[in-house]
Amino acid sequence: MGIGIAPAKTILFGEHAVVYGEPGIAIPLWEITTTASFQPFRDSDRKRDFHIHSPMIGLDADFSDIPVNLPLKKLIIRLMNLLHLTEPPAKILQIESTIPIASGLGSGAACSVAVIRAFFDEYHSNFDDAEISSIAFEIEKSYHGSPSGLDNTTISFGKPVYFQKGKGFEILKLDSKLNLIVADTGIQSVTSAVVQDVRNHYEQNQAFIRAIGIIAEKARPAVEKGDVQEIGQLMNENHDYLKKINVSCYELDLAVETARKHGAIGAKLTGAGRGGNFIALAEKPSDMIEIKKSLVHIGAKIIL
Ligand code: MEV
């Protein structure tokens, strides 16, 4: 049975600016994952056409009935070509996920990476993380026209990365584990729309985008060393600039302020913004209880 697993990701620094070539820092979240696996049909199943079952996106259909413009269909056609398959597998592709969708944690890229890995496992093909990432990147382009590549890179390699579009990336070694809370506003947002909006106002946003890049540059040594005070301070500054480029919203601002008021050293939105998730950094694990309590009180859902 071919199987593929991919983690979620959270962007610590640099979302949106990374689309314009500024550096970004992201880490995988292995506690929440997407799993794709090939399952045989049961004896009672009448039809035996390649079938996709993905409750997270409400998809339960034969492959032939799925519209070609769906990124998942495009991905599978790409994989079939790559693997020289003349016919789709007579199996069920089951896709299960604990990653909230449309909320900044890379659910789309994780779905692609899990499916790619499942196909390669099913057909005993050896592809490395870089090849997996480049296929996932092609599919990211169907979700939104100008992805930076940060999501697919972090998720395919499954390691913290310092990433710069057009220049490549480096895997970061973190000296210590961050006491990071990830929580969801419950508001779904469409990455492509937010990215497009930032682009539409590029003239006004340009200086802020550069400022976000400078923050990511400064944050790199702090993240590697685990300098919590510096990371927290830079997270707060990063959130302020994300507000300036108009990708935050009332709920995200309330959430980050609440987290800070209850002991977080730093807090910011993560991902595309206008809803979705945010992150808050605590100095010690014991501080996390109070911060989480305050976030639940304002209606946020604790993811990690
Ligand atoms: C989305 O997770 C991150 C953005 O910076 C878009 C991208 O990097 O492609 C908003």
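Here is a chat between two people about a predicted model of a single chain.

Colleague: I'm new to this one, so what is the chain built from in terms of secondary structure?

Modeller: Bear in mind that the model is predicted; its secondary structure comes to 9 helices and 11 strands.

Colleague: And how does the radius of gyration sit with that of a compact globule?

Modeller: The two agree, because a compact globule of 304 residues would have a radius of gyration near 19 Å and the chain has 20 Å. Taken along the principal axes, the C-alpha atoms fill a box of roughly 60 × 40 × 35 Å.

Colleague: How much of the chain is buried?

Modeller: Of the 304 residues, 55% count as buried. As for the surface, the chain exposes about 13400 Å², and carbon and sulfur atoms supply 51% of that area.

Colleague: What about contacts between residues at least 6 apart in sequence, how many of those join residues at least 24 apart?

Modeller: The share is 71% for the chain.

Colleague: Switching to charge, how many positive and negative side chains are there?

Modeller: There are 31 positive and 36 negative side chains, and the centres of the two sets lie 2 Å apart.

Colleague: Let's pick a helix. Why would you call α4 largely enclosed?

Modeller: Because 8 of the 8 residues of α4 are buried, the helix is largely enclosed by the rest of the structure. The buried residues include L150, D151, N152 and F157, and the buried set packs against β1, β2, α2 (107–122), α3 (129–143), β6 (161–164) and β7 (168–171).

Colleague: Which residues does S156 touch, setting aside its neighbours within four places in sequence?

Modeller: S156, which is found in helix α4 (residues 150–157), is in contact with V113, R117, D129, I132 and S133 once those neighbours are left aside. S156 is buried, with a relative accessible area of 2%.

Colleague: What follows α4?

Modeller: G158 follows α4, and its phi is positive, near 65°.

Colleague: Now α8, what does its reach look like against the expected one?

Modeller: Helix α8 covers residues 250–261, which makes 12 residues, and it reaches 16 Å from its first C-alpha to its last, close to the 16 Å expected at 1.5 Å a residue.

Colleague: Which residues of α8 are buried, and what do they pack against?

Modeller: The buried residues in α8 are L252, D253, A255, V256, T258 and A259. They pack against α7 (228–244), β9 (266–269), β10 (277–282) and α9 (287–297). In general, an α-helix has 3.6 residues a turn, so residues three or four places apart point the same way.

Colleague: Where does F278 lie, and how far is it from A255?

Modeller: F278 is found in strand β10, and although F278 and A255 are 23 residues apart in sequence, their C-alpha atoms are 7.7 Å apart in space. With a relative accessible area of 1%, F278 is buried.

Colleague: Which residues other than glycine have a positive phi?

Modeller: Two examples are N246, with a phi near 70°, and R274, with a phi of about 55°. As background, most residues other than glycine have a negative phi. N246 has its place in the loop between α7 and α8, while R274 is in the loop between β9 and β10. N246 is partly exposed, with a relative accessible area of 48%, and R274 also counts as partly exposed, at 25% relative accessibility. Just after α8 there is a glycine to mention as well, G263, which takes a positive phi of about 115°.

Colleague: Back to loops, is V19 buried or exposed?

Modeller: V19 counts as buried because its relative accessibility is 10%, which falls under the 20% cut-off. V19 is found in the loop between β1 (3–13) and β2 (23–39), and leaving aside its neighbours within four places in sequence, it is in contact with S146, S148, K165 and R199. From V19 to K165 there are 146 residues in sequence, yet their C-alpha atoms are 7.0 Å apart.

Colleague: Last one, where does Y123 lie and what is it in contact with?

Modeller: Y123 lies in the loop between α2 and α3, and apart from its neighbours within four places in sequence, Y123 is in contact with L83, L85 and P89. Y123 counts as partly exposed, at 28% relative accessibility. Y123 and G2 are 121 residues apart in sequence, with their C-alpha atoms 7.5 Å apart in space.

Conventions. Residues are numbered from 1 along each chain as its sequence is written. This is a predicted model: local features need pLDDT of at least 70, side-chain atom pairs count only at pLDDT 80 or more; totals for chains, interfaces and linings use all residues. Side-chain values use heavy atoms; hydrogens and water are left out. Helices (H or I, at least four residues) and strands (E, at least two) are DSSP runs, numbered from the N terminus. The radius of gyration is taken over C-alpha atoms; the globule rule is 2.2 Å times the number of residues to the power 0.38. Buried means under 20% relative accessible area, exposed over 50%, partly exposed in between (1.4 Å probe, protein chains only). Contact means heavy atoms within 4.5 Å. Accessible areas come from the Shrake-Rupley method with a 1.4 Å probe; for residues, only the protein chains shown count as cover. Lys and Arg count as positive and Asp and Glu as negative; His and the chain ends are not counted. The place of a charge is taken as NZ of Lys, CZ of Arg, CG of Asp or CD of Glu. The expected span of a helix is 1.5 Å times one less than its number of residues.
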